[in-house]
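Here are my notes for your review, arranged by region. Please read them alongside the coordinates.

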Amino acid sequence: QVQLVESGGGLVQAGGSLRLSCAASGLGSSRYAMAWFRQAPGKEREAVAAMSKYGLSTYYADSVKGRFTISGDNAKNEVYLLMNNLRPEDTAVYYCAAGWTAGLNKKYDYWGQGTQVTVSS
C-alpha cells in the first residue's frame, strides 16, 4: 500500500513562500498521479494542484495559478508544492494525495495526514 507523509508547513507572512514536500512510499508509488488539496476552517476541501505521472501535465486551481508550482522527484518518490506570494486566504491544512488519473476533479485513493500552513497579514 501507499503511504504519504507531508512536511514543510508552518507560519509565514503574506507575500512569503513555503515549499511543501510529500514523501510517498509503497508498492509502485512512482506510477501514481499526485495532487495537493487544502481545507480551511469551515470550508470544503479543494484541490489546488495536480500532476500526472512524471510531471508531464500539471493542473492548478484558479486561486493559485501563477503562484503555486507542483513538481516531483521520481527517483525519491517525492512531490512538492512551491507556494509563492502567499495570501492569508491560503491558510489551510494541505494534503498530499495519489491516484491513477490526474486532475483537479479526480478521485484520489491515497492521502497523507496533512500539514498546516498559516499565512499572516
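1. Asn85 is partly exposed, because its relative accessible area of 45% falls in the range between 20% and 50%. The residue lies in the loop between strand 8 and strand 9 (92-99), and its phi is near 50 degrees, a positive value in a residue other than glycine. Please bear in mind throughout that this is a predicted model, so that the values in these points are computed from it.

2. Most residues other than glycine have a negative phi. Asn77 deserves a check on the same ground, since its phi is near 55 degrees, a positive value in a residue other than glycine. Asn77 has its place in the loop between strand 7 and strand 8 (78-83), and at 25% relative accessibility this residue counts as partly exposed.

3. Turning to the sheet, strands 1, 3, 8 and 7 form an open arrangement of 4 strands in the order 1-3-8-7, with antiparallel pairing. The edges are strand 1 (3-7) and strand 7 (68-73), each of which pairs on one side only, and the twist averages 20 degrees from one strand to the next. Strands of a sheet pair through backbone hydrogen bonds, either parallel or antiparallel.

4. For the pairing at one edge, strand 1 and strand 3 (residues 18-25) run in the antiparallel sense and are joined over 5 bridges. A convenient place to inspect the register is Gln3, which stands opposite Ser25 in strand 3.

5. Is Ser52, in the loop between strand 5 (46-51) and strand 6 (58-60), buried or exposed? Ser52 is buried, because its relative accessible area of 15% is under the 20% cut-off. The side chain of Ser52 reaches the backbone nitrogen of Ser57 at 2.8 Å, and, leaving aside neighbours within four places in sequence, Ser52 is in contact with Ala33, Ser57 and Ala102.

6. Gly99 is found in strand 9 and counts as buried, with 0% relative accessibility. Leaving aside neighbours within four places in sequence, Gly99 is in contact with Tyr32, Ala33, Tyr108 and Asp109. The C-alpha atoms of Gly99 and Arg31 are separated by 9.0 Å, although these residues are 68 residues apart along the chain. Ala33 appears in the contacts of Ser52 and also in those of Gly99, which makes Ala33 a useful point of reference when viewing the two residues together.

Definitions and conventions
Residues are numbered from 1 along each chain as its sequence is written. This is a predicted model: local features need pLDDT of at least 70, side-chain atom pairs count only at pLDDT 80 or more; totals for chains, interfaces and linings use all residues. Side-chain values use heavy atoms; hydrogens and water are left out. Two strands pair if DSSP finds at least two bridges between them. Helices (H or I, at least four residues) and strands (E, at least two) are DSSP runs, numbered from the N terminus. Axes are lines fitted to C-alpha atoms, for helices over the stretch in contact, and angles run from 0 to 180 degrees between N-to-C directions. Buried means under 20% relative accessible area, exposed over 50%, partly exposed in between (1.4 Å probe, protein chains only). A polar contact is a pair of N or O atoms within 3.5 Å; within protein, one must be able to donate a hydrogen and the other to accept it, and residues adjacent in sequence count only if both atoms are side-chain atoms. Contact means heavy atoms within 4.5 Å.
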